[in-house]
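Me: I've got a two-chain model open and I'd like to learn how to read it. Could you walk me through some features one at a time?

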Amino acid sequence: MEYFFTEQQKTIRSLARRIAEERILPVRAELDEQEEFPWAIMKDLADSDMFRVFIPAEFEGLGGGALDLCLVMEELSRVCSGVAVSYAASALGSYSLIEYGTQEQKQKFLPQIAGGKRLAAFALTESTAGSDATNIKTTAIKKDGGYVLNGTKQFITNGGEAEIYDIVALTNPEKGIRGASVFIVEKDTPGFFFGKKEKKMGIRASATRELVFKDCVVPAGNLLGREGLGFPMTMRLLDRSRPGVGAQATGLAQGALEAATDYVRERVQFGHPLIALQAVQMILADMAIAVEAARLLVYATARTIDSGAKSFTEESAMAKVFASDMAMKVTTDAVQIMGGAGYMRDYPVEKMMRDAKITQIYEGSNQALRTAIAFELRKRKARRE
Amino acid sequence: MRIIVCLKQVPGVTTVKIDPQTNTLVRQGIKNIVNPFDTYALEEGVRLREKLSGKLSGKVTAISMGPPQATEMLREAIATGADDAVLLSDAAFAGADTLATSFTLAQAVNKLGYDIVICGRQTIDGDTGQVGPEMAEMLGASFIAYVSHIEDINNERIRAKRMVGDGYEVVAAPLPAVITVTKEINLPRLPSLRGVAKSKSAVIPVWTAEMLGVDKGRVGLSGSATKVIKVFFPQRVQCGEILKGGIPEQVSRLVDKLREAKVI
């Protein structure tokens, strides 16, 4: 397939693939088993300028768009999506800063993120606010020229490992979500603690942790954008980041497809390699079709964002939903055609199947996103578009 | 500090085929790679520059003697941290053994000016490990082989740990120096995106025998002390005897034979 990449995109893709194969592949199973944060790989990614991809050029980045980031995500996920999401969370933690930060805020934080010296993270979810993101309880009350944060964020990717956190909190609790704002909070700020470290089904190389704020004082200069705009800012941020989850799902499905293809070419049953059986061929072909279709939807969405489109809620939800459902099916089928071997940890597909599940859940559950897509359909019909 | 790293392009395979007619390596269809040991040399050069930055200004130049396509390898060296690169390429350099290669590289190193030259411990195709020491001799520079760690380096001297057969030695030597490094010394980084961008536009000069001002009798095949008379596969000879029959029968025949041979 011809994807019409720029030279830079081709370079990004081939270098990301090289990092994945040379640095991640040898330790993939161990990272999964040990649930160990991949610091050495984060350093390799930093040394290769991968954290610069999503940062504007004037802040020591490479000024890449959504597609550039998707290519890194896809290639890393093809080998280990646990590592990929640790990388992606730094991008997620940077978007609001890039879009709404003042020159001073950007100058302070973005070069550090670009150099990979400090990881970033984004925190919205709370125990009361999953799909119902409007139900957050963390507060940030203005006091003496700063804000005092109280509350607990849950399931935060890169929690404990990142040093720069993008926190959504209520500056005006009476107004509910319309009183939400976004803050940059640095690790080691007094009153900012890390709580429970989660034990997960998949993406186990990544860190998922609670963030606890107890009278944590944040300087007023750390407010991003304006007070009360936290929710629309966050929704826009997630619209931007969802194709990245689509790319993650596409990459991990591609990895499963390749692993399964290798296996069925070698495994002999009934006197022939498994791939000689039509039953296997049908499954394998459907897997390949699905991966390619998802990839194209992800790329098209990323390109829509990069074209400067004003709104892309629907496209980005579609890319995420389609690719993640595809990844769940493709990885499950990979395990199926590899049979008993596929179920064992000696082969990578059982891990990929575990890793795929989260892509249907995080950054908007696929059901919540379908609701959003349906809402856009209704809106368009009402406008007679 | 002027740092020069020597790189060689080698066939990226573990077994090579020899053309039975010409007795030369079959290179068609074989992808060339940078000699793996040389990647450690490049990494160490780049790390030296990074470590010294602030104290001494450093520059890393990658050099290679080889055919024009070795330019691609040098481009990757720039993508991986070298500041610039020079290719030594001339029909007159072809067929060089280690002596002629060392001579040619030494001329280029002299022309560039240097404080330290870093080479891999050996190549995976020639496997001699001679080019580093020979070059040091020709340059009249200090030489430390099999360096696994540079403990200290300044404008005047280097102190390094070198691997020896049954342990290691710590050696100090005045600069300028040539060192060869082992794979224990570091973990080479991969290229960076900014490095790749820089390497794409980099101009890599090609120096010929004339530009180096060398006597053509000392380079390439004519400057080589090694003459390859013949390259051949060792003949496969079937020998030995396979005992047949049941286990007790085989054992008794084996014992007889060993007695005959006065082994037991």
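Reply: Sure, we'll go through the sheet, a few helices, the contact between chains and some backbone oddities. Keep in mind that this is a predicted model.

Me: Let's begin with chain B. In what order do the strands of the open sheet run, and how is the pairing described?

Reply: For a sheet, you read the strands across rather than along the sequence. Here nine strands of chain B form an open sheet, and the order is β9-β8-β7-β10-β6-β1-β4-β5-β11, with mixed pairing.

Me: Which strands stand at the edges?

Reply: Those are β9 (167-174) and β11 (206-207) of chain B. Each has a single partner strand, so one side of each lacks a neighbour in the sheet.

Me: What about a strand further in: is β4 of chain B mostly covered or mostly open?

Reply: Covered: of the seven residues in β4(B), which spans 59-65, six are buried. Look at both flanks of this strand. With β1(B), residues 2-6, β4(B) pairs in the parallel sense over five bridges, and B:C6 stands opposite B:I63 there. With β5(B), residues 84-88, the pairing is again parallel, over five bridges, and here B:S64 sits opposite B:L87.

Me: Which helix joins β4(B) and β5(B) in a β-α-β unit, and what is the hand of that unit?

Reply: Trace the chain from strand to helix to strand. The helix is α2(B), residues 70-79, and the unit it makes with β4(B) and β5(B) is right-handed.

Me: Which strands does helix α3 of chain B lie across?

Reply: When a helix lies on a sheet, list the strands beneath it and then check the angle. α3(B), residues 98-112, lies across β1, β4, β5, β6 (116-120) and β11 of chain B, and runs at about 150° to β4(B).

Me: Let me try a single residue. Why does B:A177 count as buried?

Reply: Count the C-beta atoms around it; 20 or more within 10 Å makes a residue buried. B:A177 has 22 such neighbours inside 10 Å, so it counts as buried. Its place is in β10(B), residues 177-181.

Me: What does B:A177 touch beyond its neighbours within four places in sequence?

Reply: Its contacts there are B:I116, B:A141, B:S142, B:F143, B:I144 and B:I158. B:S142 also stands opposite B:A177 in the strand pairing: β7(B), residues 142-153, and β10(B) pair in the parallel sense over four bridges. You can check a distance too: B:A177 and B:E156 are 21 residues apart in sequence, and 9.9 Å apart in space from C-alpha to C-alpha.

Me: Over to the other chain. How many residues does each chain give to the contact?

Reply: Chain A gives 12 residues and chain B gives seven. On the chain A side, the elements giving two or more residues are α1 (7-24) and α3 (39-47) of chain A. α1(A) gives the most, with six. By class, that side has four nonpolar, two polar and six charged residues.

Me: Which residues of α3(A) are buried?

Reply: They are A:I41, A:M42, A:D44, A:L45 and A:A46. What covers them includes α1 and α5 (81-100) of chain A.

Me: Is α4 of chain A enclosed or open, and why?

Reply: Enclosed, largely, because 14 of its 14 residues are buried. The length of α4(A), residues 66-79, works out as well: at 1.5 Å a residue it should span 20 Å, and its end C-alpha atoms lie 21 Å apart, which agrees.

Me: And the backbone oddities?

Reply: Most residues other than glycine have a negative phi, and most peptide bonds are trans. A:D49 has a positive phi of about 75° although it is not a glycine. A:D49 is found in the loop between α3 and α4 of chain A. A:F270 also has a positive phi, near 55°, and its place is the loop between β9 (268-269) and β10 (272-273) of chain A.

Me: Which of these counts as buried, and which as exposed?

Reply: A:D49 counts as buried because it has 24 C-beta neighbours inside 10 Å. A:F270 has 8 inside 10 Å, so it counts as exposed.

Me: Where is the cis peptide bond?

Reply: It joins B:L175 and B:P176, with omega about 0°. B:P176 lies in the loop between β9 and β10 of chain B.

Technical notes
Residues numbered from 1 in each chain as written. Chains lettered and ligands numbered in written order. Predicted model: local features only at pLDDT ≥ 70, side-chain atom pairs only at ≥ 80, totals over all residues. Buried ≥ 20, exposed ≤ 12 C-beta atoms within 10 Å, placed from the backbone. Pairing = 2+ DSSP bridges. Right-handed = clockwise from strand over helix to strand, strands pointing away. Contact = placed C-beta atoms within 7 Å. Nonpolar A, V, L, I, M, F, W, Y, C, P; charged D, E, K, R; others polar. Expected span 1.5 Å × (residues − 1). Axes fitted to C-alpha atoms, helices over the stretch in contact; angles between N-to-C directions.
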